[in-house]
Amino acid sequence: MSLGELARCALDASGLIELLIRHQPVGAGSDPAVRTAHRRALEALRQAAESAQSPFGIGLAGELSAGKSLLLGLLLGLP
């Protein structure tokens, strides 16, 4: 997954979090299983969004002309 795709996923997760917060199942008439599933989905999306926005490091080692720059470019979504 490229960094651009990762950023889009983080943005999508943020949008879904907002949607779930606005449409929470509440009240005595709501199904407890639905409330539990809603709460778990919201927590999973929060963790995914946080993880996608966290910085990370990549270390590469290899011989000259082994393709390190090509690999890094592919990981970053560069041509």
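A residue is taken as buried when its relative accessible area is under 20%, and in this predicted model His38, with a relative accessibility of 12%, therefore counts as buried. His38 belongs to helix H2, and, when residues up to four places away in sequence are left aside, its contacts are with Leu20, His23, Gln24 and Pro25.

Leu20 and His38 both recur in the contact between helices H1 and H2, where Leu6, Ala10, Ala13, Ser14, Leu16, Ile17, Leu20 and Ile21 of H1 meet His38, Ala41, Leu42, Leu45, Arg46, Ala49, Ala52 and Gln53 of H2. By residue class, this contact of H1 with H2 comprises 12 nonpolar, 3 polar and 1 charged residues. Helix H1, which spans residues 3-22, packs against H2 at an angle of about 150°, the two axes lying 9 Å apart. Because angles over 145 degrees count as roughly antiparallel, H1 and H2 are described as roughly antiparallel to each other, and their crossing is left-handed.

Beyond H2, Leu60 is placed in the loop that runs between helix H2 (32-53) and helix H3 (68-76). With a relative accessible area of 39%, Leu60 is partly exposed, whereas His38 is buried. Apart from residues up to four places away in sequence, Leu60 touches Lys68, Leu71 and Leu72. For one of these partners, Leu71, the separation from Leu60 is 11 residues in sequence and 9.1 Å in space, taken from C-alpha to C-alpha.

Methods
Residues numbered from 1 in each chain as written. Predicted model: local features only at pLDDT ≥ 70, side-chain atom pairs only at ≥ 80, totals over all residues. Heavy atoms only, no water. Helix = DSSP H or I, 4+ residues; strand = E, 2+ residues; numbered from the N terminus. Buried < 20%, exposed > 50% of the residue type's maximum accessible area, 1.4 Å probe, protein only. Contact = heavy atoms within 4.5 Å. Axes fitted to C-alpha atoms, helices over the stretch in contact; angles between N-to-C directions. Parallel < 35°, antiparallel > 145°, perpendicular 65-115°, else oblique. Left-handed = near helix turned anticlockwise from the far one by under 90°. Nonpolar A, V, L, I, M, F, W, Y, C, P; charged D, E, K, R; others polar.
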